[in-house]
Amino acid sequence: MVEIKVTRRGRHIAFDITGHAHGGSPGEDVICAGVSTLALTLASALAHVGAPGLDATLNSGMAHIACRETKATRPVIQTVMRGFDIIADSYPDNVGITMV
């Protein structure tokens with residue numbers, strides 16, 4: 001199962017994503033592919049808008065993306081979070097989201 005943990009502390013937000021969805025054969029798992037694409041998009045878009053304090057580490061089976069939320073980063077975060085919500089709602093046995 002993919003676990004997406006979203007931690008908010010004041011204006012700081014962090015996404016910690018771990019696990020595998022096991023929704024198909026390795027390399028053909030569309031659930032993992034969707035979550036991975038959103039994580040890569042989040043890190044790239046936050047870098048593009050110059051997110052303050054951006055810390056991004058992306059590896060197979062894990063990602064950590066954190067920054068300070070600003071007027072520029074908010075639409076990026078909201079859009080990607082909506083994507084995570086859609087995947088978790090569509091595949092509740094494979095993807096879970098925890099808000100802290």
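Q: In what order do the 5 strands of the open sheet stand?
A: This is a predicted model. Its open sheet has 5 strands with mixed pairing. Read across the sheet, the order is S3-S4-S2-S1-S5.

Q: Which strands stand at the edges of the sheet?
A: An edge strand here has a single partner strand, so one side of it is left without a neighbour in the sheet. That applies to two strands: S3 (55-59) and S5.

Q: How many bridges join S1 to S2?
A: S1 and S2 form a hairpin with 2 residues between them, and Gly 10 in the turn has a positive phi of about 65°. Across this pair, Ile 4 stands opposite Ile 17, and Arg 8 has Ile 13 as its bridge partner. The two strands run antiparallel, and the number of bridges is 7.

Q: Which residue in S5 is the bridge partner of Lys 5?
A: S1 is also joined to S5 (residues 95-99), by 5 bridges. These two strands run parallel. Within S5, the partner of Lys 5 is Thr 98.

Q: What angle does the direction of H2 make with that of S5?
A: H1 lies across S1, S2, S3, S4 and S5, at about 30° to S4. H2 packs on the sheet as well, touching S1, S2, S4 and S5. The angle between H2 and S5 is about 135°.

Q: Which element gives the largest share of the largest nonpolar core?
A: This core has 27 residues, of which Phe 15 and Phe 84 touch the most other members. Elements giving two or more residues to the core are S1, S2, H1, S4 and H2. The largest share is 8 residues, and these come from H1.

Conventions: Residues are numbered from 1 along each chain as its sequence is written. This is a predicted model: local features need pLDDT of at least 70, side-chain atom pairs count only at pLDDT 80 or more; totals for chains, interfaces and linings use all residues. Side-chain values use heavy atoms; hydrogens and water are left out. A nonpolar core is a set of buried Ala, Val, Leu, Ile, Met, Phe, Trp, Tyr and Cys residues joined through side-chain atoms within 4.5 Å. Buried means under 20% relative accessible area, exposed over 50%, partly exposed in between (1.4 Å probe, protein chains only). Helices (H or I, at least four residues) and strands (E, at least two) are DSSP runs, numbered from the N terminus. Two strands pair if DSSP finds at least two bridges between them. Contact means heavy atoms within 4.5 Å. Axes are lines fitted to C-alpha atoms, for helices over the stretch in contact, and angles run from 0 to 180 degrees between N-to-C directions.
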